[in-house]
Amino acid sequence: MPDAVVIGAGPNGLVAANLLADAGWSVAVLEEQPEPGGAVRHDNGVHPDFVNDLFSSFYPLAAASPVVAGLRLEDHGLRWSRAPHVLAHPLTDGRCAVLDRDVDVTARSLDTFAPGDGDAWRRLYEVWDRLRPDLLGALFTPFPPIRSGIRLAARLRGAGGLRMARTMLLPVRRLGEEEFDGEGGRLLLAGSALHADLAPEAAGSGGFGWLMSMLGQTYGFPVPAGGSGALTAALVHRLRSRGGTLHCGRRVDRVVVRGGRAVGVRTADGETVAARRAVLADVSVPALYGGLVEPEHLPPQVLADLKRFQWDFATFKVDWALDSPVPWQSEEASRAGTVHLADGTAELTRFAAQIATRQIPDRPFSLFGQMTTSDSSRSPRGTESAWAYTHVPHEVEGDAGDEGLTGTWNTKEQEIMADRVERQVERFAPGFRATIRARRILAPPTLESLDRNLWGGAINGGTTALHQQLVFRPLPGSGRPETPVPGLFLASAGAHPGGGVHGAPGANAARAALRRRLPPGRSRVQRALAQRDRIGDRSRRKG
């Protein structure tokens, strides 16, 4: 019997398992799919000579994460690679905003849109540089982040206090208008906010766009050399080197609760796998509270709140094997790993409004990944392994493109939407479609079939909007990995701080489990610290 059972071998589940193994616990990880990784996998499914990532590709949050850094995955085979530029946002008139790890390169790019905008970017970067250590500390620890939060509050006072807080809560459209005279800086911020499901007019989208832009400015958008699955392989290798076990093709259907406590799981084939100390679930919030845990073990309020849980946008993705580099109008775009495709901030607003009104966008804002530009091992010299993804509504009431799409995503609808995405690329890279050797379509149902956490093609474990963050994530009054069932911990992107590959939800869950049930033989000091944490938690609940 292992000390802990981890449901799901996505990055958060594997991080949690590694940290438990580091503490001396025996750990068994059960994964439904035939291979580990969750949304961090690659294959040769588009063309035998090309490596394409199935889901995620770029990992600025992993590069910034103290959790990932502490695992020293480079000792287990992980190598990072980067494109010359981090990000480009071209316009159809040939202008292009560039984000580069050299702040002077970024600034010069923005000055071409409006003199002085480069200095405005430097000012935003200086604020980030001042806040970064404690901001990241607060981001990647359980809520409330007491120590880093206190330090961050002190730094915020030095950075303008309430005025800085106001800036972070602004819609990204307003933030861009206040900080920049030209379109370039506004595009970098607004496009970065739409990496999540935050429209340019959404409260807090300014802070998220600023955070993503500054992560790129500092760390770049690195990719694992050889394919995204190399990150998963390093996590698995590290886990096994510490005695942890991984079992793929093992779907968990139920968390076993006995005596009011989680004591194991039951798999789809009827086997019960007992856990001596804890069960950690790297699964979606609706899957955990709406299926894996039987309703009688949950408070009525949790079940009521679950009905108000909001997913992030659905995702539609196309992978390509290209015979040549992308023929961008802008030379700068050819040197970027990630390219944002929308002809101005107004087009971003139009795109988000169409999704909000349940229309499939006619000019879909697309995030375009140039993987061979980022990592030369991905395809033969002179070619490009590429992808683009866009967002669509979960519930479709119309097609803004007047091609009759209904959101059923049958084969015909997938082909129509993939063609639409390719036409969007052609607006900024005339002749793109002539370079295509092969393509693969990953519609929302396909994404979910490959990873059940991606319900309906949602990739962030739930909306990034303010009403489902911090103490509201995943449900009001939570914000921590503990669940209403003792011994059961939420370790997925559904928990604070949310989506992205940074390992924080898994790490937070592992640390919570270790606090609650210390292995035999730990020191009295360690037990006293655990008791102090429990008392503090009870005091916060009473307050």
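This is a tutorial dialogue on reading some features of one predicted model.

Student: What should I know about the model before I start?

Tutor: It's predicted, so local features need pLDDT of at least 70 and side-chain atom pairs count only at pLDDT 80 or more, while totals for chains, interfaces and linings use all residues. Residues are numbered from 1 along each chain as its sequence is written, and side-chain values use heavy atoms, with hydrogens and water left out.

Student: Let's start inside. Which residues touch the most other members of the largest nonpolar core?

Tutor: General idea: in soluble globular proteins, nonpolar side chains tend to be buried together. A nonpolar core here is a set of buried Ala, Val, Leu, Ile, Met, Phe, Trp, Tyr and Cys residues joined through side-chain atoms within 4.5 Å. Buried means under 20% relative accessible area, exposed means over 50%, and partly exposed is in between (1.4 Å probe, protein chains only). The largest core has 50 residues, and Trp121, Trp128, Trp210 and Leu215 touch the most other members. Helix α5 (residues 117-139) gives the largest share of this core, seven residues. Helices are DSSP runs of H or I with at least four residues, strands are E runs with at least two, and both are numbered from the N terminus. There's also a second, separate core of 39 residues, including Val15 and Leu246.

Student: What does Trp121 touch?

Tutor: Contact means heavy atoms within 4.5 Å. Leaving out residues up to four places away in sequence, the contacts of Trp121 include Leu99, Phe180, Leu188 and Met214.

Student: Now a helix. How far does α11 reach from its first C-alpha to its last?

Tutor: The expected span is 1.5 Å times one less than the number of residues. Helix α11 (residues 229-241) has 13 residues and reaches 18 Å, close to the 18 Å expected. Its buried residues include Leu231, Leu235 and Leu239. An α-helix has 3.6 residues a turn, so residues three or four places apart point the same way. The buried residues of α11 pack against several elements, among them α1 (11-22), β2 (27-31) and β9 (245-248).

Student: Which backbone angles stand out in the loops?

Tutor: Most residues other than glycine have a negative phi, and most peptide bonds are trans. Arg72 isn't a glycine, yet has a positive phi of about 50°. Trp409 has one too, about 55°; with 7% relative accessibility, Trp409 counts as buried. As for cis peptide bonds, one joins Arg473 and Pro474, with omega about 5°, and another joins His496 and Pro497, also with omega about 5°.

Student: How many salt bridges are there?

Tutor: The rule is a side-chain nitrogen of Lys or Arg within 4 Å of a carboxyl oxygen of Asp or Glu. That gives 43 salt bridges. Asp399 and Arg420 form one at 2.8 Å, N to O. This pair links strand β19 to helix α16, 21 residues apart, and both residues are buried.

Student: Is Glu482, which pairs with Arg516, buried or partly exposed?

Tutor: Glu482 is partly exposed, at 23% relative accessible area, and so is Arg516 at 24%. Their closest N and O atoms are 3.1 Å apart. Glu482 sits in the loop between α17 and β21 and Arg516 in helix α18, so the pair ties together parts 34 residues apart in sequence.

Student: Which residues are linked in a network of salt bridges?

Tutor: Arg166, Arg173, Arg174, Glu177, Glu178 and Glu201 are.
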